[in-house]
Amino acid sequence: MAIDFTHPPTVGEIVTRTENLVRELVLPVEEQYQGDAHALPEDVRVALQTAAKAAGVFAPHVEPGFGGLGLGMADRAPVFEASGYSLFGPLAQNCAAPDEGNMHLLAQVATPAQQDRYLRPLAAGDIRSCFAMTEPAPGAGSDPSALRTRAERTSAGWVINGHKWFTTGANGAGFAIVMARTSGEPGSAGGATMFLVPADTPGFTRKRDVGTLDASMYGGHSELLLDSVEVGADAVLGEVDRGFDYAQVRLGPARMTHCMRWLGSARRAADIALGYAADRAAFGATLGDLGMVQSLLADNEIDIEASRALILRACWELDSGARGANITSITKTFVAEAVGRVVDRSLQVCGAYGVSTDAPLARLYREVRPFRIYDGPSETHRWAVARRALRNAQKGRA
């Protein structure tokens with residue numbers, strides 16, 4: 001079987017236009033706000049997205065019928081990497097988390113009426129969204145089956161009560177996709193349902209924004225309270241009690257697009273380290289002439305290329321229609337850790353310059369560290385990968 005790693009020429013053109021947009025417009029905005037999305041005014045977000053639309057690189061993941069470029073998973077990889085070269089690049093192209101993952105979910109599961117109400121304005125950048133699943137302990141987190149938020153049927157639809165935590169993008173979101181238990185008890189494998197809840201629904205309250213290490217997620221990470229939130233029957237996304245199944249529809253591709261975007265940050269860090277090593281004089285030579293520095297730079301290139309290969313392998317499986325649970329766990333774990341290694345090495349090469357705010361390395365270091373936790377901690381993914389491998393080994397002996 002022939003293996004082809006090339007992308008169609010149209011994808012290369014989108015990558016080039018994305019690189020130009022990021023370099024000429026987005027990076028200066030990131031520098032102005034020091035990568036802090038909490039300080040970024042809404043009119044600046046709109047201006048960035050308007051520029052992306054004019055450049056023909058807006059919503060690369062969305063189907064053309066909803067105003068996007070319609071790229072499959074594998075073809076998104078180089079575009080999202082180019083976008084992620086700036087912390088604000090994905091926001092400009094409307095392919096940042098959590099909106100990008102929510103668009104994918106709505107495209108796969110929502111009814112036509114729900115798509116018109118929620119997906120179409122979300123894809124256009126007219127509104128933002130959030131995905132409310134994580135709860136304070138002992139609720140859902142790495143183990144989603146611990147879900148405690150509950151929805152009960154009423155004559156008019158449903159009433160939802162619960163407590164959500166670390167809901168990314170909630171500050172300013174137009175609506176939330178809320179995961180609530182509709183049957184079973186915490187710990188049950190099934191029994192969850194997804195609900196589309198407008199943010200102005202009575203009883204839906206953003207209690208606070210949680211202070212975190214990272215700052216580049218627009219809308220932050222919020223704590224939410226749902227106190228007798230009433231929604232109609234048409235608020236159910238997909239089928240009742242199938243919420244955990246739909247979560248997998250969202251999470252596998254979303255993990256890979258996270259990997260793509262953060263790989264762009266790793267490439268940026270590596271480029272900064274290469275430029276610094278090539279120019280900085282030390283010990284009668286340039287830093288790049290020193291063997292220990294060369295080792296750091298080489299390991300950066302190895303981690304970046306290995307990450308790209310794993311991402312493409314996972315995307316090939318997802319594009320083929322497979323669930324890809326194992327390969328996406330493997331890829332997410334490796335890439336999250338590889339990105340961290342690349343940024344760390346690059347900061348080390350640049351020394352005091354790397355630690356200073358004169359370079360973006362310190363903020364990249366701050367931003368990439370949580371990726372080893374977001375979308376499932378590395379330990380959870382390793383547990384899942386090992387469990388599958390052991391199960392397959394046991395089958396082979398049966």
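Visitor: Which helix gives the most to the lining of the largest pocket?

Guide: Keep in mind that we're looking at a predicted model. Five elements each supply at least two residues of that lining: helix H5 (99-109), strand S3 (157-168), helix H7 (243-279), helix H9 (325-355) and helix H11 (378-397). The one that gives the most, with 10 residues, is H7.

Visitor: How much space lies in the largest pocket?

Guide: Rolling a probe the size of a water molecule over the atoms shows where empty space is left. For the largest pocket, that space comes to about 1,400 Å³.

Visitor: And which residues are the closest to the centre of the largest pocket?

Guide: There are 47 residues lining the largest pocket. They divide into 19 nonpolar, 17 polar and 11 charged. The closest to the centre are Met133, Gly141, Leu251, Arg255 and Gly376.

Visitor: Okay, what about the second largest pocket: which residues lie nearest its centre?

Guide: That pocket has about 550 Å³ of space. Its lining is made of 24 residues, which split into 11 nonpolar, eight polar and five charged. Nearest the centre you'll find Arg76, His104, Gln108, Val249 and Pro253.

Visitor: Which elements give two or more residues to the lining of the second largest pocket?

Guide: You've met H5 and H7 already, as contributors to the largest pocket. Both turn up again in the lining of the second largest one. The full list is helix H3 (73-83), H5, helix H6 (112-124), H7 and helix H8 (291-319).

Visitor: Back to H7 and H9. Why are they called roughly parallel to each other?

Guide: Their axes are 8 Å apart, and the two helices pack at an angle of about 20 degrees. Angles under 35 degrees count as roughly parallel. So the label for H7 and H9 is roughly parallel.

Visitor: Is the crossing of H7 and H9 left-handed or right-handed?

Guide: First, a look at what's in the contact: by class, H7 with H9 has 18 nonpolar, four polar and two charged residues. As for the crossing of these two helices, it is left-handed.

Visitor: How much of residues 15-126 is helix?

Guide: UniProt, in an unreviewed entry, annotates this span as "domain: Acyl-CoA dehydrogenase/oxidase N-terminal". Its end C-alpha atoms are 24 Å apart, and its strand content is 0%. The helix content of residues 15-126 is 63%.

Visitor: And how much of residues 130-210 is strand?

Guide: Here the unreviewed UniProt entry lists "domain: Acyl-CoA oxidase/dehydrogenase middle". The end C-alpha atoms of this span lie 15 Å apart, and helix accounts for 0%. Strand makes up 48%.

Technical notes
Residues numbered from 1 in each chain as written. Predicted model: local features only at pLDDT ≥ 70, side-chain atom pairs only at ≥ 80, totals over all residues. Heavy atoms only, no water. 1 Å grid on protein atoms, 1.4 Å probe; cavity = no way out; pocket = protein on both sides within 12 Å on 5 of 7 lines; lining within 4 Å. Points joined across faces, edges and corners; volume = space filled by probe spheres on them. Helix = DSSP H or I, 4+ residues; strand = E, 2+ residues; numbered from the N terminus. Nonpolar A, V, L, I, M, F, W, Y, C, P; charged D, E, K, R; others polar. UniProt positions renumbered as here; feature names shortened; annotations may be inferred. Axes fitted to C-alpha atoms, helices over the stretch in contact; angles between N-to-C directions. Parallel < 35°, antiparallel > 145°, perpendicular 65-115°, else oblique. Left-handed = near helix turned anticlockwise from the far one by under 90°.
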